[in-house]
Every structure is written in structure tokens, then in C-alpha cells.
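Colleague: I'm just starting to read protein models, and I'd love some company. Could we go through this one together?

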Amino acid sequence: MLAEPAQTGRSTNQKTNEFQFNRLEENMKLYYTYVFPAELIKRWLSPEDNGKDVNSTFKRREICLTLFENETYVRYQCYDNAKKFKQAMMRSFPQKIDIGAIYKYDGPQTVNNEAIEKELVFDIDMDAYDKLRTCCEGKTVCNKCWKFVVVGAQIIDATLREDFGFKHIIWVFSGRRGIHCWVSDKRAKKMSFEVRASLSEYINIFSGNEMTDNLLKQNVRSMTHPLIKRARDIINQSFSEILWVDQKLFVKKPELLLKLLEADNNRVGSGLRDFADSILRKYVGKPDSKLQNDMNYQEDCRVLFDEIQRRNEKLLSEIYLYLLYPKIDINVSKSVNHLLKGPFCVHHATQNICVPLRLMDVLTFNPDKAPKVADILAEMTRIIADPCIDPVENGTILIEKKSILDYYSFSSLAPYISIFLDHIAAVERSYAALTSTR
């Protein structure tokens, strides 16, 4: 019988948003024992194995653990196969797992060893949008500010597929305020540092670090490149909903728009900033409840941006890009040995499970309702104790004619397991096809 998960005294039908720190270890032990899909993680990280462990690249893949004891950071862990990986997690029950690169030789700590390949990754974090959010602040996130992440994911996903031809892309909720993109195509994993750097610089259109100091690269200002046109079209679909309706940005933080207009006085005439100021001033200080249904507010916003477009369409495009184009940490994408949480890892602070998502799932995902360890364990307790559920007959997932017993196929993790399985199967097929054409 699965031990009762450590919760905070709330009923099982309530979201577990707080945990007693001294009982988190117990929860993580149970999670790694009954839930953590080590076999699927291994297949995802070494799709060329075709179910075999001999000469598997998984043996040379770095797994980094953060332990509960003094938050000890243990790098360069490698495991021969999924079984040993699972056993190690059950013994050490880390509060956090990060995935690193594949190294040239067994044992990454070997002298003169080097990281040689890894999936191409991108990190979109809500920190980049803190100056634009009015609905939340700090470490909190809601459906409204998640839309910033959605637009960023749409732009990056489209760029990777349309400009570079990548096919096997999966998005992973970071566990709190962001999302990670993992590209599993073979040629993505094999890319050198130089190629990764060039690709990252291509996607990154900013030359600064802070939003208000970001400068568009000179080769972007022409606004004629397909990357920019596509990004503009994606942003245009959500701009008014996010910034006018949800965030009320230009009323609550009018200085952001006025500063952009002021910087471009020489191009559009000084009157545009004053025109914008006169419109926005009418609504400053009004409560959200009144603005939400104020048709005059909606119309004035439309008039303002129509006027900006009429005077200088390039300026409007720059405003769109400044505010909603994804601001990525290109060092995450350049480096082969950068560590990042993967699917079904756990965010150590929130205890949210880092679930995998397709792009279509990112659009509808609610970070406030992400699966938490204690909630899944509570489900598992009921599932295992239910005499009506025979996991041998009903809880079996078929993976390439192999049966594995997955109690979590009855839990709320089931759709995420399905998404991950579909991604893994597609990647494995692509590797098999490349091998057969040699």
C-alpha cells in the first residue's frame, strides 16, 4: 500500500499550494518510487538505442541532482540504464533534477572529457515580462500573464520549424513561471557551439538585456525579414487582448509607451507623444472593473494605435516587437552543457511537476492548475487501493509491444504521459529512418 502523501491538512479535492518542508522528502521518495517515468526519460534522451542498453548514449548523459541535505548540488551523475536511474532516484530522492549533455567518454568527470551533444533548448521565463505585467508580481503567475509565454512559444516554435526545418519539438513547463523548449531532432543534438550560437543570435533580435534598454539589432529595423514579418503577425493576433484588455498596460504604466514614442519623435513628429498622453490620461487611475467594459477605452486604444500605424507603420512594428517578442537567454541555447529541467522533473519550490506540452497545449495550459506531487500521490493512493482497478489488465500501456505497469495512467498525469509517448515514438522513428538510409 502506498503511504499517505505528506500534505498540509487540506482536503484531497483542493489544490495543495503549500507544503510542510520537513515532509517534502517523504513525498519525493513516493514520487520517485511510484510515479517518476524513468524508462520514458531514458528513451527520450537516447532515441537511437531502439530499446537496447548496449553502447547507449544514456550512459554518458549527465544528470545533475540537488539533494535535500544542505541543498547539495551533485553534478556529473550517469546511469547505465533506466532501471539503475530509477533505483538511484529512489535512494537519493533529490528535490530537483537537471539534465545536461552527452559526454565523449563514460563518466563525465573523466580527465579531458568534454560535452559533445545535447538537444537544442530555449528558456522563456516570466522574469523577462515583469515590467509588463500588471496582473501579478514577483513569483506569482496567472492565466493572463501566461499569455506572454504563449506568444513567445508560438514565435520560437514557428521559427524552428519554418526557418530550420526541425520537427521534433516538445515544450516543458518549468514548474513555476516559464517554459522550456527541447528540440530532439538528431541534427539539433549534433550541432556545434558555433552553430548553436548563430541560430540563437538569429532568433534573438535584441542587443540589450533590460526591456526598456533593449535595442533592436540594426538588421532587424528594416522589418522586411520573414522572421520579423511572421513574428509581427503572431503578435498582432494577441496584442490588444494581452496589453489593452488583460494588463491595461498603457493606462497603468503609460510611461512605457510614451518613452517609446518619445524616442522616435524625430521620425514621427513630437505631436504623437502628446496625442497618446492625452488619450491615456483619461483612463489613468480607473479601476479594472470599469475599464473592462468601457467601450470608449477600447475605442480610444484602437484610435491611438491606428494613428501610430498611419504615421509610421515601422514604429508600430517596433513597439510590437519591443513588448511581446520573446526575450531569451541565448547563453542557455548556445551552451551544450547547460543544465535544464526536463519532463516530469519537479520544481523544488512549488512542487509542481514539469509536464511536457505540445504547442497547442501551451496555448490552453493553466500554470495555476499544474499537477503537484502531493496531489498526484493522493490520486495514486486511491488508485492502488481501489479493488475495482486491476492494473495488470486495465492499467497497462503498450510501448512497442512491451507492457509496463503504470498506475499513473489512471491519474491526472495521463494526458501528459500520452503527449510524451507520442513525442518519443516520433523521435525514435526518425532515428530509425536515418539509420536505415545509411
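**Strands, helices and loops**

Colleague: Which residue of β4 stands opposite I102?
Modeller: Strands (E, at least two residues) and helices (H or I, at least four) are DSSP runs, numbered from the N terminus, and two strands pair if DSSP finds at least two bridges between them. Strand β3 (residues 96-103) and strand β4 (residues 115-117) have two bridges and pair in the antiparallel sense. Opposite I102 in β4 stands E117.

Colleague: Good to know! From what pLDDT do side-chain atom pairs count?
Modeller: Residues are numbered from 1 along each chain as its sequence is written, and side-chain values use heavy atoms, with hydrogens and water left out. Here pLDDT is the predictor's confidence in each residue, from 0 to 100. This is a predicted model: totals for chains, interfaces and linings use all residues, local features need pLDDT of at least 70, and side-chain atom pairs count only at pLDDT 80 or more.

Colleague: What share of the residues scores at least 70?
Modeller: Residues 7-22 stay under 50 in pLDDT, and residues 391-405 stay under 50 as well. The average for the chain is 85. The share of residues that score at least 70 is 83%.

Colleague: And what percentage of the chain counts as buried?
Modeller: Buried means under 20% relative accessible area, exposed means over 50%, and partly exposed lies in between (1.4 Å probe, protein chains only). The chain has 438 residues, and its secondary structure comes to 18 helices and 10 strands. Of those 438 residues, the buried part is 54%.

Colleague: Back to β3: which residue of β3 stands opposite C64?
Modeller: All of β3 is covered, with eight of its eight residues buried. Besides β4, β3 has strand β1 (residues 61-66) as an antiparallel partner, joined by five bridges. In β3, the residue facing C64 is D98.

Colleague: Is there another sheet, and what is the order of the strands in the open sheet of four?
Modeller: Strands of a sheet pair through backbone hydrogen bonds, either parallel or antiparallel. In the open sheet of four strands, the pairing is antiparallel and the order is β5-β7-β6-β8.

Colleague: Which strands are at its edges?
Modeller: An edge strand here pairs on one side only. In contrast to that, β7 (residues 178-183) pairs with β6 (residues 169-173) over five bridges and with β5 over six. The two edge strands are β5 and β8.

Colleague: Which residue in β7 stands opposite F122?
Modeller: Five of the six residues of β5 (120-125) are buried, so β5 is largely enclosed by the rest of the structure. The residue of β7 that W171 stands opposite is C181. F122 likewise stands opposite C181.

Colleague: What follows β5? With which residue does the side chain of R133 make a polar contact?
Modeller: R133 lies in the loop between β5 and α4 (143-162), and R133 counts as buried because its relative accessible area is 3%. Contact means heavy atoms within 4.5 Å, and beyond four places in sequence R133 touches residues including M126, F148, R177 and K253. A polar contact is a pair of N or O atoms within 3.5 Å; within protein, one must be able to donate a hydrogen and the other to accept it, and residues adjacent in sequence count only if both atoms are side-chain atoms. At 3.0 Å, the side-chain partner of R133 is D130.

Colleague: Now a helix: how far apart are the end C-alpha atoms of α14?
Modeller: The expected span of a helix is 1.5 Å times one less than its number of residues. Helix α14 (residues 313-324) has 12 residues and should span 16 Å, which agrees with its end C-alpha distance of 17 Å.

Colleague: Which residue caps the N-terminal end of α14?
Modeller: Of the 12 residues of α14, 10 are buried, among them L315, E318 and Y322. At the N-terminal end, a side-chain oxygen of the capping residue lies 3.1 Å from the backbone nitrogen of K314. That cap is N312.

Colleague: One last one: how far is T224 from K314 in space, C-alpha to C-alpha?
Modeller: T224 lies in the loop between α6 (193-203) and α7 (226-246), and T224 counts as exposed because its relative accessibility is 53%. In sequence, T224 and K314 are 90 residues apart. Their C-alpha atoms are separated by 9.9 Å.
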